[in-house]
Amino acid sequence: MRHGFARLWAASGLSNVADGLGAVAFPWLATTLTDSALLIALTGVATRLPWLLFSLPAGVLADRLDRRRVMVTMNAARGIVLAALALLTAAGGLTLPLLYAGALLLGFAEVLVDNTSQVILPAVVGRDGLERANGRLMATHFVAEDFGGRPLGGVLVGAALALPFAAGAGLVSVAAVLLLTLRGSFRAIPGPSGPPGAGRESGRRSMRAEMAQGVRWLWRHPLLRPLAVTLAVVNGASQAGMAVYVLYAQELLDLGAVGFAVLGSAFGAGGVIGGLVAEAVSRRLGRARSLVLLVVVWTAAYAVMGLVAQAYVVAVAMAATGVVAVLWNVVTVSMRQTLVPDHLLGRVNSAYRLLGWGAIPLGMAAGGGLVTLVETLASREAALRAPYLVAAAASLGLLLYVRRHLNAAAIARAYAAGADAPPAPAPARPREEA
């Protein structure tokens, strides 16, 4: 593992702690301003909406600019927004519209930071070290966010609502300083026709064309396209439940701020385990069976959440999803970093995440609307369970799609073609089992 990875790793960990603080502070603060499930869900929508609006331009910027500088600038911007939210909260001047605005601005910065952090990794560790580096980053993500940020966020919220935002501002600022210490240039390696957007004038004219190039490359790829579609369905369905998770925890599980934060840590506990074992599990099961495992576990976990009301049972279900979510991420992120040429990696990665992460705000909005609708037809309890049962049903239907399009033969063909050959639709072949 190369020396620069330690700095990238540390910066990522600090940012993850800040994310954990916000994951508790934003929805909890929203519940102090309203009890409407839809309005609370809109807080999460505002955070994730930039993935739908800004993913493609962010990919072009990651391929045009020095990737390290993009991450430094956006972390500094996050620090400013969080500091402003802390001051407004402390002064008693924070309203729902201002909370939404802050979440939206942080979301735009997150799109650039997260997309760029994935495409910079091959330059930092080399392609041979991708699965190990991704596993460590994923494990750190869950340790920092779910064991560090979330419980700390619950404690800080209990002390003063402004404290999580102030602490988050400090953490992302330190992360920006750490990224400044990375040595070298981290611009994309030029493709066969030269660097994207060469020349200022042509760069201004061609941003739309460059975004379209990334979308076409992804959509023509016989493996990455179904991966993106699968991720979109999983994220959209699961986030329908996560949008009202704070109400589910408060009203059905009878948890306070600290209990809510600790429950969120169960997912992180599974994530830590997943990050440590992902590489070994992927080698033993194979990539195809690892992907199927996610869908099976996800279906069972959300069915459990829709049917029970015991916090410890929900915690076990969330821990199981954490294990397989990290396994999915380690396998699929490494696939993208290996199969996509470097000069296209930012744009293709952003197109992929447009589908996968762009589905999140849509799912959140649908979840809030579903709860509101079911509550008018049935009970509040039935309404809060409904998004989890819908997510379980969607995941079950997805299983057939995954087995058909993400089987071992399809993965082997994609790796045999490599990153140098342009993607083309796979020839028609008999269905092969994973």
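On the surface of this predicted model, the residues L152, V155, V258 and V262 come together as a nonpolar patch, and their accessible area adds up to about 320 Å². The patch draws on two helices, since α5 (130-159) and α10 each supply at least two of the residues in it. One of these residues, L152, is found in helix α5.

Helix α10 leads to the next part of the structure. Two packed helices are described by the angle between their axes and by the distance between those axes. Helix α10, which covers residues 257-285, packs with helix α11, which covers residues 287-307, at an angle of about 115 degrees and with the axes 6 Å apart. Because angles of 65 to 115 degrees count as roughly perpendicular, α10 is described as roughly perpendicular to α11. On the side of α10 the contact is made by V281, S282 and L285, while α11 contributes R287, R289, S290 and L293. Sorted by class, the residues in this contact are three nonpolar, two polar and two charged.

Charged residues also bring us to another kind of pairing. Side chains of opposite charge can pair when their charged atoms come close, and the structure holds nine salt bridges. In one of them the side chains of R48 and E110 meet, with a distance of 3.2 Å from N to O. This pair links distant parts of the chain, given that R48 belongs to helix α2 (residues 37-64) and E110 to helix α4 (residues 96-125), and that the two residues are 62 residues apart.

How values were computed: Residues numbered from 1 in each chain as written. Predicted model: local features only at pLDDT ≥ 70, side-chain atom pairs only at ≥ 80, totals over all residues. Heavy atoms only, no water. Axes fitted to C-alpha atoms, helices over the stretch in contact; angles between N-to-C directions. Helix = DSSP H or I, 4+ residues; strand = E, 2+ residues; numbered from the N terminus. Parallel < 35°, antiparallel > 145°, perpendicular 65-115°, else oblique. Contact = heavy atoms within 4.5 Å. Nonpolar A, V, L, I, M, F, W, Y, C, P; charged D, E, K, R; others polar. Patch = residues over 30% accessible without salt bridge, like charges linked within 9 Å, V, L, I, M, F, W, Y side chains within 5 Å. Areas by Shrake-Rupley, 256 points an atom, 1.4 Å probe, with all protein chains shown as cover. Salt bridge = Lys/Arg side-chain N within 4 Å of Asp/Glu carboxyl O.
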